[in-house]
Amino acid sequence: MKVLSIQSAVAHGHVGNSAAVFPLQRIGVEVVPVHTVNFSNHTGYGAWRGPLIPPPDVAEVLLGVEERGVFPEIDAVLSGYQGGVGIGDVIIDAVRRVKAANPEAVYACDPVMGNAKSGCFVAPEIPELLRDRVVPVADIITPNQFELGFLTGTEPSTIESTLASADLARAMGPSTVLVTSVERPDRPAGTIEMLVVDGTGAWLVSTPYLPFKANGSGDVTAALFTAHYVATKDAALSLERTVSSVFDLLDTTHRSGERELRLIQAQEFYATPRMQFKAERVR
């Protein structure tokens with residue numbers, strides 16, 4: 001499998017491509033990373049250095065990759081945080097060209113906007129760009145529950161309302177919706193859940209909630225789920241593998257007391273997930 005990953009990159013820590021590439025490689029996926037920024041660290045620190053790569057320069061890199069004859073080999077295009085409208089146009093165009101070269105290729109979009117605790121943390125024009133132009137051309141999307149609500153103009157909370165919102169998202173274009181950070185009011189105390197919906201059904205996985213913020217965990221989740229789903233076409237199995245790996249990555253990080261993901265230390269959990277969580281069919 002080969003994945004074209006168009007995302008941010010940081011020198012210190014693990015977000016964007018700096019979070020997604022290694023776990024994909026560790027499960028045997030060939031990755032073609034194209035960076036949209038090259039920062040010293042993620043912006044959660046409040047200060048960083050390095051360039052936001054202009055969209056025409058990102059497009060030039062993609063053109064060079066295409067000229068090497070790589071696009072027919074791409075099985076999936078993956079994107080995450082989009083810093084501006086211009087980069088969205090570049091990604092949409094790259095998806096179109098990859099699919100022209102390989103009609104079996106899929107586009108997986110993590111529509112990063114914000115979360116329930118802090119609200120939207122992207123430029124004001126980005127949520128509308130994602131909703132109106134990017135999500136409709138995606139095959140897989142991986143929003144959190146807050147982002148799913150914005151995309152569909154709903155307020156998902158219960159399993160029933162979250163399923164209804166996922167159905168609305170699927171009607172926009174994507175065939176598969178992975179909803180992260182599902183926090184339904186009646187879930188068991190001390191847990192958090194993840195839900196996947198595709199044309200064959202819907203499945204829910206519950207894990208212990210770890211009380212800390214881990215920048216980049218969503219990027220790892222989107223990357224691993226995309227690879228597993230493209231390889232197996234099995235939503236429940238892909239969810240179980242992804243959740244197993246990501247929980248152990250988060251648990252390793254939490255136990256370390258470090259701020260950045262212990263991406264390297266947890267590498268065996270990508271290659272051989274413990275499969276300690278079972279997906280429950282909810283539809």
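Here is a quick tour of three strands and a helix in this predicted model.

Let's start with β1, residues 2–10. This strand is mostly covered, with nine of its nine residues buried. It pairs with two other strands, and the table puts the pairings side by side.

| Strand paired with β1 | Residues | Sense | Bridges | A bridge pair |
|---|---|---|---|---|
| β2 | 30–39 | parallel | eight | Val10 with Phe39 |
| β3 | 76–79 | parallel | four | Leu4 with Val77 |

How does the chain get from β1 to β2? It goes by way of helix α1, residues 17–26, and the β-α-β crossover is right-handed.

Now for α2, which takes up residues 55–67. With 13 residues at 1.5 Å each, this helix should span 18 Å, and its end C-alpha atoms do sit 18 Å apart, so the two figures agree.

Which residues of α2 are buried? Val58, Leu62 and Val65 are. Those three lie on the same side of α2 because they cover an arc of only 55° around the axis. Flip to the face turned away from that buried side and you meet exposed residues: Pro56, Glu60 and Glu67.

As for what lies over the buried residues of α2, the cover includes β1, β2 and α3 (85–101). So β1 turns up again here: the strand that pairs with β2 also helps cover α2, and β2 does too.

One last backbone detail: just after α2 comes Gly69, with a positive phi of about 80°.

Note on methods. Residues numbered from 1 in each chain as written. Predicted model: local features only at pLDDT ≥ 70, side-chain atom pairs only at ≥ 80, totals over all residues. Heavy atoms only, no water. Buried < 20%, exposed > 50% of the residue type's maximum accessible area, 1.4 Å probe, protein only. Pairing = 2+ DSSP bridges. Right-handed = clockwise from strand over helix to strand, strands pointing away. Expected span 1.5 Å × (residues − 1). Arc of directions from axis to C-beta. Contact = heavy atoms within 4.5 Å.
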